[in-house]
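Please look through the structure below with its sequence at hand; the paragraphs that follow move from one cluster of side chains to the helix around it, and then outward to the whole chain.

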Amino acid sequence: MIHLPVLITDLGLILAAAGITTLLFKKIKQPLVLGYILAGLLVGPHIDFIPTVTDNESITIWAEIGVIFLLFSLGLEFSFKKLVKVGGSASITAIVEVVFMLLIGFIAGKAMGWSTMDSIFLGGILSVSSTTIIIRAFEELGVKHKKFAGLVFGVLIVEDLVAILLLVLLSTLAVSQQFAGAEMLISILKLSFFLVLWFIGGIFLVPTFLKATKKLMNDETMLIVSIALCLIMVLLAVKVGFSPALGAFIMGSILAETTQAERIEHLTKSVKDLFAAIFFVSVGMMINPSILVDYAMPILVITLATILGKFLSSGLGALVSGQPLKTSVQTGLSLAQIGEFSFIIATLGLTLKVTSDFLYPIAVAVSAITTFTTPYLIKASEPFYFFLERNLPKKWVEGLNRYSSSTAGITTLSDWKVLLKSYTFNTIIHSVILTSIAVLGSKYLQPFITGLIPGNNGIVLSLVLTLIIMTPFLWALAIRRIEKKAYSHLWLNKKYTRGPLVALETLRISLAIFFVCFLIFQFYNNWFAIAIAVALIIFGMFIFSRKLQSFYNRLESRFLLNLNARGAQNAQPEILPWDTHLAELVVAPESKLVGQTLMELSIREKYGVNIALIERGKIMIPTPGRDERLYPNDKVLVIGTDNQLAMIQELFQGSVDETAEEASFPKKDMTLQKVVVNANSPIYGQSIRSSGIRETTQGLVVGIERKGERILNPDSNMVFENEDIVWIVGNNKKVPELLK
């Protein structure tokens, strides 16, 4: 008898349960994540009336793979450029929300008598909202075009990065079992170092590789290469002491900057869906129903703390960042839930064995409840704003509106701010690059070369090669001119700024000397050798300054070309104090707008909405003229208020007239049919045109066989004769009725 491995049996059971529950949840229009969790509960070890999974260890491994692909897909949607473009409002809102929810979770845990570690992890679980659930709810409710939706998406981008930082910090805290400030600081610095290094290296290498191999990349190859890049970064992350999830997220965010991002996201979606389903099912398998009953009151308390805490903290953060009261209320109620990152943080606590068994099922239960409430809270956000506007003191409302308007235009930067910002970025980026080159040279290049050339000669050669590689970046750190205009203003126009400017230049040169010393110390512990090397490096940088500048400029140009290749749209300014903003709408094929010119549509005159740009495939039409027509699947960038955009959204979506039976029938009814004409046929003796076949049967005569002769695409004036064999493409339900 053939033996089937237990893993295959368990996998079949998991997917069967997941398939049934997701069909059910699709039917009742609920999030599929809840269906997966229910499936896990049914096939888990705590319910016995159906077959259960037996090899939990293997399923845990599959679930870890699911986390990797889930974070990889989140990274593809994340993008570091999006983070830079998020702006102050979303960043302030996200930071205020995370800080408050960490405190609320910790206080709630302590108030219920939980341990310090359980309370800390509860704060982490409650601090991050669910990207998946919010996007799904926005799509179903049709509010993606509204002003507050843009702020919510920005907050979610910042929260994704904060969640990654939380995973690192909670891991460090769990290992040390105490709040050690020095260890936390080291972990943050280590994470920052590798984030900068991986981002710079990834943007320089990965898009270049994809461009070079573009002609060789079919869908199959692109899928394999994408997954390989993901797993390579996972290995690198684990190698330096981070979680596999972090590596997957970083590679996803690097690929998100490439021109192939949408294609990769499309190709890997099925893989992600499969393994993510297994992960969420494994989440359900870890739920013990008896624990949910025993901890019903804590679940209720934490649910209320999540909804109220996130509403208040997110709304407060949005208000502080200068958003109007309406946008702040809508943002706060939209973010009032927890999701996939919360599961991952809860799983981390269980894996490291630092949290109690009850915390995980409680987190899942709270997530399930808040997932159900999210659509209703989003719907209620606008009526709740009007309720607040009516009942709050008028002075408060007017004061908030004045504050929102006054903060909208604060964008001016002084020369000092411009210069210091550029110097800071320049110092951080090149310090990371130089440190990594020095470490790689001493740990990997030197052993390799000394293996080929033993003795002191091999050491000297490896040191010289490493110094040569470092030289362009040493030049950029110490000598390269940054923000020349601002620097000139400060040097010429400000009498007392020359001292600080000289100090800045001295600091830059000192840092470059420090990195040279740091490198040589990896090879020699000889001050005389260090002094000679430093002198030679400084002399060489000044002598070959132009060549180094040319070489560095080529490197920088390649990096910027890769970074900007995807051509992401710049963040659009808001028009305050009005609720006017940009939104993108897609022309549905069945829309009445199709084929009409902008002049004929008169959208501006009828609805007060302006069309700023039309994207048609790879063609961009900015500020289109009045004779420009709209075609199916055109992406149209429009500007208007929430109410105006809601009115025209129906025009873009279009609708099929249910009464137009003649114009609409299933595609499967259109078939090629063979009909024999006889003397009793209604079309006998008539021409093809006068027979009415096209009008009454939605049919087209494509061929006639007459006395052994075959006539393809016959003329419309041809008359049907007895025993003609007519071939017709048409509605198979109507053609026989006319010709039988």
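Which residues do ring pairs link into a cluster? In this predicted model, the cluster joined by ring pairs consists of Y36, F279, F280 and F343. One of these residues, Y36, is also listed among the buried residues of helix α2, and that helix is a convenient place to begin.

Helix α2 covers residues 32–43, and its 12 residues should span 16 Å at 1.5 Å a residue, which agrees with the 17 Å that separates its end C-alpha atoms. The helix is mostly covered, since 9 of its 12 residues are buried; besides Y36, these are V33, L34, G35, I37, A39, G40, L41 and V43. An α-helix has 3.6 residues a turn, so residues three or four places apart point the same way. The cover over the buried residues of α2 includes α1 (6–27), α12 (261–285), α13 (289–294), α16 (340–351) and α17 (359–391).

Helix α17 also takes part in an aromatic pair elsewhere. Of aromatic pairs, the count for the protein comes to 11. One of them, between F311 and F384, is edge-to-face, with 5.7 Å from centre to centre and 70° between the planes. This pair links distant parts of the chain, as F311 belongs to helix α14 (residues 296–320) and F384 to helix α17, 73 residues apart. The two partners can also be described by their accessibility: F311 counts as buried because its relative accessibility is 15%, under the cut-off of 20%, whereas F384, with a relative accessible area of 29%, is partly exposed.

Helix α15 (residues 325–334) holds S328, whose relative accessible area of 2% makes it buried. A polar atom of the S328 side chain lies 2.9 Å from the backbone oxygen of P324. If residues up to four places away in sequence are set aside, S328 touches G315, A318, L319 and Q323. A ring takes part in another kind of arrangement at Y423, where the charged end of R508 sits over the ring, 5.0 Å from its centre.

For the protein as a whole, the secondary structure comes to 29 helices and 8 strands, and buried residues make up 46% of the 740 residues. Among contacts between residues at least 6 apart in sequence, 79% join residues that are at least 24 apart. The protein exposes about 38500 Å², of which carbon and sulfur atoms supply 65%.

Terms used
Residues numbered from 1 in each chain as written. Predicted model: local features only at pLDDT ≥ 70, side-chain atom pairs only at ≥ 80, totals over all residues. Heavy atoms only, no water. Helix = DSSP H or I, 4+ residues; strand = E, 2+ residues; numbered from the N terminus. Expected span 1.5 Å × (residues − 1). Buried < 20%, exposed > 50% of the residue type's maximum accessible area, 1.4 Å probe, protein only. Contact = heavy atoms within 4.5 Å. Areas by Shrake-Rupley, 256 points an atom, 1.4 Å probe, with all protein chains shown as cover. Phe/Tyr/Trp six-rings, centres within 6.5 Å; stacked < 30°, edge-to-face > 60°. Lys NZ or Arg CZ within 6 Å of the ring centre and 35° of its normal. Polar contact = N/O pair within 3.5 Å; in protein donor to acceptor, adjacent residues only side chain to side chain.
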